[in-house]
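Here are my notes on the structure you sent over. Please read them with the model open beside you.

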Amino acid sequence: MLIKKYSLEFLLNNKNINQEEVKKSLLEFGDNVDVADTSSNGQGSLKIHLETIDPATIFDVCAQFGRIGCIKVNEII
Amino acid sequence: MRIIMLAAKTKPNESLLQTSHYYQFKAFLDKGVIACFSNRKLDLGFASPDIIENRKYFLKKTGVNYEDLVCCQQPHGGGVAIIGKQDIGKGANSFATAVRDCDALITDCANLPLAVFTADCLSLFMFSPKKKVIAVVHAGWRSTKEGITKNTLELMSSRFGVGPKEIMVGLGPAIRSCCYEITQECKDCFQDGVIEKNGKTYLDLVKINSGQLKSMGVLSENIFDCGFCTLCRNDEFFSYRKEGKAAGRMMSLIVFK
């Protein structure tokens with residue numbers, strides 16, 4: 001059995017994005033979840049940082065809220 | 001009567017060969033290409049605690065060395081990557097090493113297995129018999145909106161000279177229009193493939209992606225649809241909509257020898 005944990009950082013872009021709703025959805029799938037509002041000039045954007053064993057599901061969940069970009073992934077365990 | 005109905009339900013599509021752990025497209029096999037998708041007997045996704053054992057076991061059945069496998073991070077965008085020998089093993093056993101910023105992979109290298117992972121999203125397999133080029137695509141609604149299938153075919157064409165009329169396409173399991181209820185935001189992204197039924201809105205990912213292919217000149221007779229709905233057939237496939245966090249991932253694999 002091998003459980004790997006990843007540090008995942010990315011931007012989530014959508015003009016109507018809801019910071020609290022995104023954070024609430026991610027708490028189930030990750031630890032140390034940080035969702036910061038980086039919107040500017042009417043362009044909605046969140047910077048997301050978390051630790052997870054299931055990065056694919058994080059993308060599946062976040063893709064429902066907006067466009068994912070600027071991804072950084074590191075294995076931490 | 002019940003027995004007859006169950007038997008009919010489990011009968012594979014005529015374009016497929018069924019084995020204990022996966023389905024394979026016959027038309028591709030006839031051309032020397034393995035294009036197959038796993039069932040739910042093994043969780044082959046990155047979060048599986050048995051990722052290495054499961055992938056080794058499954059890939060051995062298809063004649064592939066698991067350490068050669070190339071996967072992508074699937075961020076639900078429109079990105080496509082061309083894969084060469086230097087990429088062998090990217091994502092074979094860790095999400096961190098998987099190919100970044102893309103949901104589709106293309107290669108013209110023999111014995112270079114490409115895979116995407118799904119649990120409701122549509123997987124597509126592409127092969128040009130003339131140019132010996134293969135591709136695999138992960139198409140959720142947002143990637144579909146970004147034109148992932150169209151982008152893949154365009155790159156196969158511009159980089160390798162693949163013509164749409166020669167290309168063969170396999171459509172893997174996905175949540176189908178019978179079950180894929182969508183949000184208003186998703187609905188607003190599409191003109192075709194949206195179905196209103198009993199006050200609810202559903203999306204037909206297969207129709208939209210097939211439509212993208214046909215509009216580019218791919219022949220209907222060269223498109224092979226497995227026909228499986230992951231939610232209706234949750235007994236055989238993983239479905240994120242049905243199972244949530246507990247859902248594993250099926251592998252869609254393509255390789256030519």
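The numbered points below deal mainly with chain B.

1. Status of the model. This is a predicted model. Local features need pLDDT of at least 70, and side-chain atom pairs count only at pLDDT 80 or more.

2. Overall build of chain B. The secondary structure comes to 8 helices and 14 strands. The C-alpha trace of chain B spans about 50 × 40 × 35 Å along its principal axes. Its radius of gyration is 17 Å, which agrees with the value near 18 Å for a compact globule of 257 residues. Of those 257 residues, 51% count as buried. Take the contacts in chain B with a separation of 6 or more: residues 24 or more positions apart account for 65% of them.

3. Contact with chain A. On the chain B side, 23 residues are in contact with 21 residues of chain A. The side of chain B that touches chain A divides into 10 nonpolar, 7 polar and 6 charged residues.

4. The open sheet. In chain B, 6 strands form an open sheet with mixed pairing. The order is S1-S2-S3-S14-S7-S4. Strand S1 (16-18) and strand S4 (70-71) of chain B are the edges, and each pairs on one side only. At the S4(B) edge, 2 bridges join this strand to S7(B), residues 114-118, and the two run parallel. Val70(B) stands opposite Leu114(B) there.

5. Strand S3 of chain B. How many of its 6 residues are buried? The count is 6 of the 6, so S3(B), residues 33-38, is largely enclosed by the rest of the structure. Val33(B), Ala35(B) and Phe37(B) point one way, while Ile34(B), Cys36(B) and Ser38(B) point the other way. Both sets are buried.

6. Partners of S3(B). Strand S2(B), residues 22-25, pairs with S3(B) in the antiparallel sense over 3 bridges. In that pairing Tyr22(B) stands opposite Ser38(B). S14(B), residues 250-256, also pairs with S3(B) in the antiparallel sense, over 5 bridges. Here the bridge partner of Cys36(B) is Leu253(B).

7. The nonpolar core. In soluble globular proteins, nonpolar side chains tend to be buried together. The largest nonpolar core in this model has 103 residues. Those with the most contacts inside it are Leu105(B), Leu114(B), Phe125(B), Val136(B), Val169(B) and Ile254(B). Leaving out residues up to four places away in sequence, Leu105(B) touches Val70(B), Cys72(B), Ala81(B), Ile83(B), Val99(B), Leu114(B), Ala135(B) and Val136(B). Val70(B) and Leu114(B), both on that list, are also the residues that stand opposite each other at the S4(B) edge.

8. Helix H7 of chain B. This helix covers residues 205-215. Its buried residues are Leu205(B), Val206(B), Ile208(B), Asn209(B), Ser210(B), Gln212(B) and Leu213(B). Gly217(B) follows the helix, with a positive phi near 105°.

9. Asn209(B). Is this H7(B) residue buried or exposed? Asn209(B) is buried, because 25 other C-beta atoms lie within 10 Å and 20 or more is enough to count. Apart from residues up to four places away in sequence, Asn209(B) touches Leu122(B), Leu124(B), Ala139(B), Thr144(B) and Thr149(B). Glu196(B) is 13 residues from Asn209(B) in sequence, and their C-alpha atoms are 19 Å apart in space.

10. Positive phi outside glycine. Asp120(B) is not a glycine, yet its phi is positive, about 140°. Asp120(B) sits in the loop between S7 and strand S8 (122-128) of chain B. It is buried, with 25 other C-beta atoms within 10 Å. Lys132(B) also has a positive phi, near 55°. Its place is the loop between S8 and strand S9 (133-139) of chain B. Lys132(B) is partly exposed, with 17 other C-beta atoms within 10 Å.

11. Glu146(B). This residue lies in the loop between helix H4 (141-145) and helix H5 (148-160) of chain B. With 19 C-beta neighbours inside 10 Å, Glu146(B) counts as partly exposed. Setting aside residues up to four places away in sequence, Glu146(B) touches Gly77(B) and Gly78(B). Cys189(B) is 43 residues from Glu146(B) in sequence and 9.7 Å from it in space, C-alpha to C-alpha.

Technical notes:
Residues are numbered from 1 along each chain as its sequence is written. Chains are lettered from A and ligands numbered from 1 in the order in which they are written. Two residues are in contact if their C-beta atoms, placed from the backbone, lie within 7 Å. Ala, Val, Leu, Ile, Met, Phe, Trp, Tyr, Cys and Pro count as nonpolar, Asp, Glu, Lys and Arg as charged, and the others, Gly among them, as polar. Two strands pair if DSSP finds at least two bridges between them. Helices (H or I, at least four residues) and strands (E, at least two) are DSSP runs, numbered from the N terminus. A nonpolar core is a set of buried Ala, Val, Leu, Ile, Met, Phe, Trp, Tyr and Cys residues joined through C-beta atoms within 7 Å. A residue is buried if 20 or more other C-beta atoms lie within 10 Å of its own, exposed if 12 or fewer, and partly exposed in between; C-beta atoms are placed from the backbone. The radius of gyration is taken over C-alpha atoms; the globule rule is 2.2 Å times the number of residues to the power 0.38.
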